[in-house]
Structure formats: structure tokens, C-alpha cells
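These are my notebook entries on a single chain and its ligand. I set down what I looked up, entry by entry.

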Amino acid sequence: MNKIKLKELGIKTIQGIKDSKYGDDVMPAWIADMNLEIAPCIKTGLINMVENSICGYPQTPYDLNLHKIFKHYVKEHFDWKISSENVIFLKDVVQGICRSIYSFTNKGDSVLIQPPVYQPFHSLVNDTGRHLLYNPLIRTENGYQIDFEDFEKKAKSAKLFIFCNPQNPTGRVFSLKELIRLTDICVANKLIVVSDEIHADLVLSRCPHIPLASIGKDIARQTVTLMSASKAYNIAGISLAFGHLESAELKNLFASQAEAIYGNQSILALEAVRIALTEGGEWLKNTLGILRKNRLILQKHVEQNWNHVKYLPGEGTYLAWLDCRNVPTTKSLPKQLLSQSKIAVTEGDAFGAEGEGFIRLNFARNTNEFLTMLEKMDKVLRHG
Ligand SMILES: Cc1ncc(COP(=O)(O)O)c(C=O)c1O
């Protein structure tokens, strides 16, 4: 009776933005969604729910003990000991960043970020009427480094620091030594930190991911940690993120508006995340194997075939940050890759002015497909 004919309305079956933004003939390597199947256990769990029409209002994440599951997960994965009472639930990580900006700063206050960095770090600060303060990462022969002297200067006037680790787009996973130096400065300046650790599980080298708040008691008291299953388990559209806050003062500020303004988590998200954290380990292990292999293939391919491109692989994420400033057609490169190679990448300047002449390439797809992708890119990037 009320069946709407989607075709007549010109509406296609729903797709993710990864696949719908460009034509069907384009391989997407732009947005940070994997081009891989999700874990079978998550798929089965969601199918079971839908088959049983479990699509009504959910129990709370606390009823489902998701805060305790998260506590065990971070102990097992990052050796981070937390109390489950300090865990909160968010729709997504970007919401957590935005809520932190509103909760801990006022209009006109300075918020420190380290470009090149995930675009919303820039736009959220602008959109909330705060002032952006930059501490650009420094590109060296050994990869990107934090400019600590500049950070120390800027930390004096900033009200909030939005940190990204593992870092998008450079792939850096910061070492204990770097984190200690960084946290010492934050503590000395009472600088509140939002630590976006959404890529925490995607570490490809031997060094582990270290949550910033695990460095010491002082930094834990002035940090909001944001994590999520969405990147590592490829369920970003499911929308659920975890926040961790220890200090009563920050918790009070964070809770200053009625919770309803932030909405609830969907019942499907709760189940998908519960399954990811409790049953997704084997799938994640295999996926990390694919990512490590692809990263190595990319590194060799760039060295052997793309003379004008430089790639310093970071320790984590499935995002490669390629320095294409010496490519003769650098300005039009993303457009050329799209039109000639049928590959969609992200333009580097989306991450800040420091990214001009770079492209970000998502290498999370099965290895055979990835080899095809590189071959297609050769058309534009292989020079003499
Ligand atoms: C560093 C970083 N933070 C946050 C997000 C988005 O997270 P969410 O979808 O949970 O808002 C991304 C997505 O790519 C990201 O790379």
C-alpha cells in the first residue's frame, strides 16, 4: 500500500559515500573507510538483529556493560588500566571533539592543533568561533616530528590542544619518549587535551600505541580520550564512540548540557561494537596482516616506479601520505588521477596548508585490488 517506488523517484539503493561520490568506474582511495568486508561475526550479529526485528529503542550501553567491555579491551590492547566509571558514550569521535571545544573553551579562546591533520580539527575550531593556533609537524628524512619548542611557546596561550595519535594523515604513532615530552609541557601549562585515538588499533610497526592518558596521573586528569571501533573494524557508518575522562572537574563541564542534545546510540551500533570488541580479534589480526603487506608493496612501488614521489611510511593507519611536490603536474594531480587513472584520493591541502602538493591514499583493500590500483596510478605517476 505505502510502498514507494525508489526507481521512479530516481533514488538508488543506499550506498556509503565512499562508493557513491564518484562513478562506478572509480576506485575509492580517499575517505578513511576500508575497502574490505566487515568481520563475519559483526555481519551475522547485525543480520540476526534485523531478522528478529530488534530495531526498537535500545537498552543503555551501561545496561549492556559496554563500559566494562571497553575497560577490558583497552587493558588487553594497550595495557591501559582505567576505571569503567570514567567511560562515556558518544555518537562519534567528531562529536566528542566538538563537545570538548564547547565544554572547555569560550568564544575567541585559542585551540592548538598540529597540521597536517584531519580536516575537522580545523573546521570544528572555526565553526565554534574559537581561534586556531598551529604547531605544524616537521617533515624530516625520518618522518614527521613534533616541533616541541614551538609547542611549548603555543601551549602557554592555548586553552585546549587537540591531539591526533595515531596521526591522520602522516601515519605517525608517537613513541613513549615523544609522549612524555608532550605531556610534560601540557601538564606544566595546565593545557587540557582532547586525544583523538580513533586509529589506535591500526598499528603496523612493532612499537605499540600508547594512550596519552596512560602516561601519568597528572596528564590523565586533564585529558579526554576518544576511541572507537569504527576505523579498525570498518564500521564508521554505525556511529558509536567511547570517551574517557578522569577528572571530576572536566566531567562536570562536559555534562553541563542536557545529555539529550547529543542523542542516543543506535541499537545496531551497540551490538556491532559489542561484537567487534569481544569477538573481532581474529579478523583484526588478519586485516593488519593485509595492511602491513600493502604498505610494503606501496613503499617498494614508489621507490621503483614513481621517481618524483616520496613516501615515508608512518607506523600506523591505512593512510599513506605521499609527497608529490616534485611531480611535474603536482597542482592538478588529484584531478588527473581521477580522470586518467580512475582513482579518487584526498588532496593534501585538505589537512592544512602544509599538505599542499601531497595526496593521501587509502591502502585498505585486498592486495590484488591494491596492485591493480597502483598499476592504474602508474599512468599518471610513472615518469622516465
Ligand atoms: C583522526 C580522526 N578522527 C575522527 C575521525 C572521524 O571519526 P567519527 O566518524 O567517529 O566522528 C576520523 C575519520 O577518518 C579520523 O581520521
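**Entry 1. Ligand surroundings.** I counted a residue as near the ligand if its C-beta atom, placed from the backbone, lies within 6 Å of it. The model is predicted, and I read the entries below with that in mind. I first looked up which residues come nearest to the ligand. There are 13 residues around the ligand, and Ala32, Asp92, Val93, Val94 and Asn168 come nearest. I then sorted the shell by class: eight residues are nonpolar, three are polar and two are charged.

**Entry 2. The chain as a whole.** I looked up the secondary structure and found 13 helices and 15 strands in the chain. The radius of gyration is 21 Å, close to the 21 Å of the globule rule for 384 residues, so the chain is as compact as a globular protein of that length. The C-alpha trace spans about 65 × 60 × 40 Å along its principal axes. As for burial, 46% of the 384 residues count as buried. Of the contacts with a separation of 6 or more, 74% come from residues 24 or more positions apart.

**Entry 3. The sheet of seven strands.** I traced an open sheet of seven strands in the order β2-β10-β9-β8-β7-β3-β4, and its pairing is mixed. Which strands stand at the edges? They are β2 (87–90) and β4 (131–134); each has a single partner strand, so one side of each is left without a neighbour in the sheet. I noted an average twist of 25° from one strand to the next. Within this sheet I examined β8 (residues 192–196) and β9 (residues 223–228), which pair in the parallel sense over four bridges. One residue pair I recorded is Asp196 with its bridge partner Leu226 in β9.

**Entry 4. The sheet of four strands.** I next followed an open sheet of four strands, ordered β11-β12-β15-β14, with antiparallel pairing. Its edge strands are β11 (310–311) and β14 (346–347), each of which pairs on one side only. As a general reminder, I noted that strands of a sheet pair through backbone hydrogen bonds, either parallel or antiparallel.

I then looked at β15 from each of its partners. β12 and β15 run antiparallel and are joined by five bridges; the bridge partner of Trp321 in β15 is Arg360. β14 and β15 (residues 358–362) also run antiparallel, here with two bridges. From β14, Thr346 stands opposite Arg360 and Glu347 stands opposite Ile359. Arg360 therefore appears in my notes as the partner of Trp321 and also as the residue opposite Thr346.

Is β15 covered or open on its faces? I found both faces covered, with Phe358, Arg360 and Asn362 on one side and Ile359 and Leu361 on the other, all of them buried. In count, five of the five residues of β15 are buried.

**Entry 5. Asp323.** I looked up Asp323 and placed it in strand β12 (residues 319–323). How exposed is Asp323? It has 19 other C-beta atoms within 10 Å and is partly exposed; the cut-off for a buried residue is 20 or more. Asp323 touches Val309, Lys310 and Phe358, leaving aside residues up to four places away in sequence. Asp323 and Lys310 are 13 residues apart in sequence, with a C-alpha to C-alpha distance of 5.0 Å.

**Entry 6. Backbone exceptions.** Most residues other than glycine have a negative phi, and most peptide bonds are trans. I searched for departures from both.

I found a cis peptide bond between Asn165 and Pro166, with omega about -10°. Pro166 is in the loop between β7 (160–164) and α7 (176–188). The bond from Asn168 to Pro169 is also cis, with omega near 20°, and Pro169 likewise lies in the loop between β7 and α7. I add that Asn168 is among the residues that come nearest to the ligand.

For phi, I noted Ser53, which is not a glycine and has a positive value of about 55°. Ser53 lies in the loop between α2 (40–51) and α3 (66–78) and is exposed, with 7 other C-beta atoms within 10 Å. Asp79 also has a positive phi, near 55°. Asp79 sits in the loop between α3 and β2, and with 12 C-beta neighbours inside 10 Å it counts as exposed.

Notes:
Residues numbered from 1 in each chain as written. Predicted model: local features only at pLDDT ≥ 70, side-chain atom pairs only at ≥ 80, totals over all residues. Nonpolar A, V, L, I, M, F, W, Y, C, P; charged D, E, K, R; others polar. Pairing = 2+ DSSP bridges. Rg over C-alpha atoms; globule rule 2.2 N^0.38 Å. Contact = placed C-beta atoms within 7 Å. Axes fitted to C-alpha atoms, helices over the stretch in contact; angles between N-to-C directions.
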